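Subject: Two-chain model for you to look at

Hello,

Here is the structure I promised. Please open it beside this note and follow along.

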Amino acid sequence: MHEFSICEQLVRVIGEELARVNSERPVHLLRARVAVGRLRQIVPENLRFAFEVLTRDTPAEGASLELREIPVTATCGGCGWHGEVEPNRFVCPECGGTNLEAHTGRELFLESLEIEDDEPDNHQSLS
Amino acid sequence: MSPTTIKVYRDLMEKNAAWADMTRRLAAKKHVAILNLIGSPGCGKTTLLEGMVRELGPHFRFAVLEGDVETTRDAERLDALRIPVCQLITSGACHLSAQLVHTAFRDLPLDDLDVVIVENVGNLVCPAGFDIGEAAKVAVLSLTEGEDKPVKYPQLFHEAGAVVMTKIDLLPHIPADLDTCIAAVRQVNGAVPVFPVCALDGRGLPPWIAWIERLATQTRGKDR
């Protein structure tokens, strides 16, 4: 359910970024790419549902939300091993030690936006 | 125009982080340590606080920010024990935001306090992801919930600075094993201190209180 709060922030940030775009015509969003660390416990379906609801009647309505999952990586304080671990198993596969320091997995950021400006004449020229 | 890609790289938690930082700066200035107590509904968070009041003596002075979805019941329980308490009602939200905590925190009598304990909304998932400016997250787990909860909800137990296991008085009556539960915590957080307690009769509370006292002493030591 925290996906809704997170999505509110996503939609706010997207709104700010779209307002900054220097374009003569209004722009709309085609795609937003978001990086999500596995420790964040984000359920993609929940985030997508929130995105669909919260972007209604905004320039981001109908855009697709692309999530890039970032694995949890850690270094073992005992033997120096470095690699990927499961979010629920912070145990060194080399020495069995549990003194692991996580490096990635908590990310939650908007990476990029794909936009297009509204071309009201498009429909006329196509018909 | 054809589709254009804009690189952004903006943290989606930036607004929450800004409020949390404000709380952290104010807490440092006032030498107050903030604990973020997180556990399931009914795991015994409020009972733990009540038990602490009875055992505490002169160790440190604390106030409570009480997070709930609805009602002021928990705040009333603590108010009856003469603990400074403020009820935060989220009206449905599954976690406390840093902004809500900040507005209540700044109104507490901070000059007269050593520790502020924030009792988050009962939930093992959502509160773990939201920084509220705390010095440490504390995971509260009752043994009746099952020994495997630390590996089922790894984010909270991974980030916790301490784990309190409540209801140890029930161990003779339930198919749960304390060592198995501690081993599950170790799987996601090898170094975290674990405090098995019974808040009703006070068993195990002194080491837990001593841990908070050390944190409070460290906080007082800073900037002085």
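A helix or strand axis here is a line fitted to C-alpha atoms, for helices over the stretch in contact, and angles between N-to-C directions run from 0 to 180 degrees. Keep in mind that this is a predicted model.

Chain B comes first. Helix α2 (residues 45-56) of chain B lies across five strands: β2 (33-39), β3 (62-68), β5 (115-119), β6 (136-142) and β7 of chain B. The helix runs at about 170° to β3(B). Helix α4 (residues 98-105) of chain B lies across β2, β3, β4 and β5 of that chain. Its angle to β4(B) is about 155°.

Now the sheet itself. Chain B has an open sheet of 7 strands, paired in parallel, in the order β4-β3-β5-β2-β6-β7-β8. The edges are β4 (85-89) and β8 (194-196) of chain B. Each has a single partner strand, so one side of each is left without a neighbour in the sheet. From one strand to the next, the twist averages 20°. At the β8(B) end, strand β7 (residues 162-166) of chain B pairs with β8(B) in the parallel sense over 3 bridges. One bridge to look for joins B:Met165 to B:Pro196 in β8(B).

Next, the interface. How much area do chain A and chain B bury between them? About 3200 Å², with 57% of it on carbon and sulfur atoms. Three residues, A:His2, A:Gln41 and A:Asn88, supply 16% of the area that chain A buries against chain B, more than any other three residues. The contact takes in 39 residues from chain A and 33 residues from chain B.

The polar side of the interface is worth a look too. There are 4 salt bridges between chain A and chain B. One of them links B:Glu159 to A:Arg106, with the closest N and O atoms 2.3 Å apart. Across the interface, 16 residue pairs are in polar contact, both residues being at pLDDT 80 or more. On chain A, the side that touches chain B draws at least two residues from each of α1 (2-20), β1 (27-37) and β6 (108-117). The residues on that side divide into 18 nonpolar, 7 polar and 14 charged.

Last, strand pairing between the chains. β6(A) pairs with strand β1 (residues 4-11) of chain B in the antiparallel sense, over 6 bridges. Within this pairing, A:Leu113 has B:Ile6 of β1(B) as its bridge partner.

Best wishes

How values were computed. Residues numbered from 1 in each chain as written. Chains lettered and ligands numbered in written order. Predicted model: local features only at pLDDT ≥ 70, side-chain atom pairs only at ≥ 80, totals over all residues. Heavy atoms only, no water. Contact = heavy atoms within 4.5 Å. Buried area = accessible area lost by both parts, 1.4 Å probe. Salt bridge = Lys/Arg side-chain N within 4 Å of Asp/Glu carboxyl O. Polar contact = N/O pair within 3.5 Å; in protein donor to acceptor, adjacent residues only side chain to side chain. Helix = DSSP H or I, 4+ residues; strand = E, 2+ residues; numbered from the N terminus. Nonpolar A, V, L, I, M, F, W, Y, C, P; charged D, E, K, R; others polar. Pairing = 2+ DSSP bridges.
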